[in-house]
Amino acid sequence: ETVFSRPGVGRLVVSAIRYLAGKALTILVTIFVGVFVTMLIVNYPSSRRDSPSTSPFEERLETQINNAVQAGMYDGTFPSILNGLSFEEQEQAWIEKLRSEVGLNLPFLPRNLLWTFKALFFDWGQLNPGYAEQMGVTPRSNSFSDNVVLQFLPNTLLLIGSSYFLVFLLGIPVALH
């Protein structure tokens, strides 16, 4: 005669929590790897002759830094970083501060890891204002990231939906084969 033992409720709950935590960790790692690979692709240097060692993304960040500095000088919000320095030295110090903030001074791998975290949290520091003004939202408000997400949600859903559809159409025959 075989006796079947029923696992305790506590053991069952712990098993369910462990399973769900494993799935959640897998999803988080997958999202991180996906965004990291995306940042690697975005940071791939272009094949243009005038700047073969920089990517279009780096050039865009440099342009945004220059625009932020020019706008700060124009509207009088240029911060006084170090007193006692000339205006040009303060401007260079501000440019270096912004370059350091976005990771342009870092080596390749740490720079891409930093950009991955910044992309995951929608936090590009002081370089958000230009894009925010185009959307009519100040970057310090809570609705900035909501508006960015909502603006691109339809295209994102279209892309994800079509990719899942292709995976379904191609995956079923391959799996059956």
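A residue is called buried when its relative accessible area is under 20%, exposed when that area is over 50%, and partly exposed in between; Glu-101, with a relative accessible area of 24%, is therefore partly exposed. The structure discussed here is a predicted model, and its protein chain contains six helices and zero strands. Of the 177 residues in the protein chain, 20% count as buried.

**Overall architecture**

- Read from the N terminus on, the elements of the protein chain follow the order α-α-α-α-α-α, in keeping with a count of six helices and zero strands.
- Among the contacts in the protein chain with a separation of 6 or more, 43% are accounted for by residues that lie 24 or more positions apart.
- The protein chain exposes about 13200 Å², and 66% of this area is supplied by carbon and sulfur atoms.

**The largest nonpolar core**

- The largest nonpolar core has 11 residues in all, namely Met-39, Phe-57, Leu-61, Ile-65, Val-69, Trp-94, Ile-95, Leu-98, Val-102, Leu-104 and Trp-115.
- At least two residues of this core come from helix 2 (56–75), and at least two come from helix 3 (87–102).

**Helix 3 and Glu-101**

- Glu-101 belongs to helix 3, and its relative accessible area of 24% falls in the partly exposed class.
- Measuring from C-alpha to C-alpha in the model, Glu-101 and Leu-114 are 9.7 Å apart in space, while 13 residues separate the two in sequence.

**Helix 4 and Arg-111**

- Arg-111 is found in helix 4, which covers residues 108–120.
- Because its relative accessible area is 10%, Arg-111 counts as buried, the cut-off for that class being under 20%.
- When neighbours within four places in sequence are left aside, Arg-111 is in contact with Asn-43, Glu-58, Gly-103, Leu-104 and Leu-106; one of these partners, Leu-104, is also listed in the largest nonpolar core.

**Helix 6 and the nonpolar surface patch**

- Phe-165, Leu-166, Phe-168, Leu-169, Leu-170, Ile-172 and Leu-176 make a nonpolar surface patch of about 770 Å².
- Leu-169, one of the residues of this patch, is found in helix 6, which spans residues 143–176.
- Leu-169 has a relative accessibility of 41% and so counts as partly exposed, since that class lies between the 20% and 50% limits.

Note on methods. Residues are numbered from 1 along each chain as its sequence is written. This is a predicted model: local features need pLDDT of at least 70, side-chain atom pairs count only at pLDDT 80 or more; totals for chains, interfaces and linings use all residues. Side-chain values use heavy atoms; hydrogens and water are left out. Helices (H or I, at least four residues) and strands (E, at least two) are DSSP runs, numbered from the N terminus. Buried means under 20% relative accessible area, exposed over 50%, partly exposed in between (1.4 Å probe, protein chains only). Contact means heavy atoms within 4.5 Å. Accessible areas come from the Shrake-Rupley method with a 1.4 Å probe; for residues, only the protein chains shown count as cover. Patches are made of residues with over 30% relative accessible area and no salt bridge: like charges are joined within 9 Å, nonpolar side chains (Val, Leu, Ile, Met, Phe, Trp, Tyr) within 5 Å. A salt bridge is a side-chain nitrogen of Lys or Arg within 4 Å of a carboxyl oxygen of Asp or Glu. A nonpolar core is a set of buried Ala, Val, Leu, Ile, Met, Phe, Trp, Tyr and Cys residues joined through side-chain atoms within 4.5 Å.
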